[in-house]
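Hello,

Here is the structure I promised to pass on to you. Please open it alongside this email, and my notes on what turned up follow below.

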Amino acid sequence: MYLTLLAVFIVGYLFIALEHTIKIDKAATALLTGTLCWVIFIIGRDSFLVNISGDESIHFVTESLRENLGEISEILFFLLGAMTIVEIIDAHEGFSVITDKITTTNRVKLLWILCLLTFFLSAALDNLTTAIVMSALLRKLIHDKKDLWMFAGLLIIAANAGGAWSPIGDVTTIMLWIGGQVTAMHIIKEIFLPSLVCLLVPLAIISFRFKGHITKPTEHYILDSHGYQVSSFEKNLVFAIGIGALLFVPIFKTITHLPPFMGILLGLSVVWITTEIIHRNKTIEEKKTLAISNVLRRIDTPSILFFLGILVAVGALQSAGHLGDMSRLLDANFDSIYAVNFIIGVLSSIVDNVPLVAGTMGMYSLETYPPDADFWELLAYCAGTGGSILIIGSAAGVAIMGILKIDFMWYLKNISLLAFIGYVAGILTFMLIN
């Protein structure tokens, strides 16, 4: 049953990768894979849980599922809240505040501007929120699908690289920060340069291939069939409150110690109430596409369900012991912290980096590697940036994949090698400075 569960996960993963070839939506495949993994786990529980039997084993599996679902729901609610805020800003044409200032159509210049903006923004927000915001910006700046996907692929690298050097930039860095493995200033000092190199190397390579100018979308965004458009005051107000709500999330977490999804829900409620107030005197037709109740219909639900399915499947592997076995296998066969973390980073492009880092934190105590040891710093970098190698290897990648409908195989052919080269370059930089 151990191998059966692993085989189901691998087959499901292949079906997700070949979504456009087999013409089955990846969300459906992910949900089926996640469900089957837990079915196999509970049917074969006696082979997985050798020290537990009878009703206790059933209780263990169901409680493990509930625990995993609790952790997953935090990510899903965060994703839902952030996507809604971004959509309501978009509905009020708020992103024109930024896009109007980006006048260049030169592919190389625009790529560098957007990637560096993403890199620093993801350190202040986090890589998932930044990916959602930048996806909305891309749709406003680029018309051609090929250009749109290429820019999006580089933005995934930028978002993950930016999140790796900040204690609040990625879920894994937050885990290591809260767990005491790293301190805020030390991770910034040690990981900033490797993370920057991780982005700059792919950017430099692609700059030699990019030529010419991008085509901007020509049609003007009309809010409803009557041609009603928001005022400049409403546009700027919603943009300021929306972006402020996103930026407030890490501050909220630091002050209250509550999960980030609570901060995003607080921000969403403030944006919602604000839009209700400023549009309260408008007619139903005028409010048609401005109210959040209508904007919610534009949220990409299949992407959220895909996220649910893939994380549930990974949760089964974690609870059944596959990820723990993998960690112990790495520990037994590799003595170098560079080799262990390199492999963890590559694996994080296939398996969610959160359980991988959680398993690694459980394997190595603070007595083995004290706070701010090279091992923990490199783990933060590798787990954060390794996910860029495949589009479904990170929350940022999954979000952009869903929003912009990027094909898994296209990303594999066009972006994965660039991401891997940047990933390795960052590790070499870390080795040189340490």
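Helix α15 is largely enclosed by the rest of the structure, because 15 of its 20 residues are buried. Please keep in mind that this is a predicted model. The length of α15 (residues 301-320) also works out: at 1.5 Å a residue it should span 28 Å, and the C-alpha atoms at its ends are 29 Å apart, which agrees. Just after α15 comes G321, with a positive phi of about 100°.

One residue of that stretch, F306, has a charged partner. The charged end of K26 sits over the ring of F306, at 5.6 Å from the ring centre.

Next, the nonpolar core. The largest one has 134 residues, and those with the most contacts inside it are L114, I132, L138, F151, W376 and I392. If you would like a place to start looking, take L114: leaving aside residues up to four places away in sequence, L114 touches I102, M134, L138, L141, F151 and L155. Two of these partners, L138 and F151, are themselves on the list of residues with the most contacts in the core.

You may enjoy the aromatic residues too. There are 22 aromatic pairs in the model. In one of them, the rings of Y2 and F48 have their centres 6.4 Å apart and their planes at 40°, so this pair is tilted. Y2 belongs to helix α1 (residues 2-17) and F48 to helix α4 (residues 45-48), so the pair ties together parts that are 46 residues apart in sequence. The two rings do not sit in equal surroundings: Y2 counts as partly exposed at 32% relative accessibility, whereas F48 counts as buried at 12%.

A second pair joins Y338 and F430, and this one is edge-to-face, with 6.4 Å from centre to centre and 65° between the planes. Here too, distant parts of the chain are linked: Y338 is in helix α17 (residues 337-347) and F430 is in helix α22 (residues 416-433), 92 residues apart. Y338 is partly exposed, with a relative accessible area of 22%, while F430 is buried at 0%. Going back to Y2 and F48, ring pairs link both of them with W38 and F41 into a cluster.

Now to a question you might well ask at the bench: how many disulfides are there? The count comes to zero. For C115, the closest cysteine sulfur is that of C198, 11 Å away, which is too far for a bond. C382 also has C198 as the cysteine with the closest sulfur, here at 9.6 Å, and that is again too far for a bond. Both C115 and C382 are buried, each with a relative accessible area of 0%.

C198 turns up once more, this time beside a glycine. G422 lies in helix α22, the helix that also holds F430. G422 is buried, with a relative accessible area of 0%. Not counting residues up to four places away in sequence, G422 touches C198, V201, P202 and Y381. Another glycine, G386, is 36 residues from G422 along the chain, and their C-alpha atoms are separated by 9.5 Å.

Happy browsing, and best wishes!

Terms used:
Residues are numbered from 1 along each chain as its sequence is written. This is a predicted model: local features need pLDDT of at least 70, side-chain atom pairs count only at pLDDT 80 or more; totals for chains, interfaces and linings use all residues. Side-chain values use heavy atoms; hydrogens and water are left out. A nonpolar core is a set of buried Ala, Val, Leu, Ile, Met, Phe, Trp, Tyr and Cys residues joined through side-chain atoms within 4.5 Å. Buried means under 20% relative accessible area, exposed over 50%, partly exposed in between (1.4 Å probe, protein chains only). Contact means heavy atoms within 4.5 Å. Helices (H or I, at least four residues) and strands (E, at least two) are DSSP runs, numbered from the N terminus. The expected span of a helix is 1.5 Å times one less than its number of residues. Rings of Phe, Tyr and Trp (its six-membered ring) pair if their centres lie within 6.5 Å; planes under 30 degrees apart count as stacked, over 60 as edge-to-face and the rest as tilted. A charge sits over a ring if NZ of Lys or CZ of Arg is within 6 Å of the ring centre and within 35 degrees of the ring normal. A disulfide is a pair of cysteine sulfur atoms within 2.5 Å.
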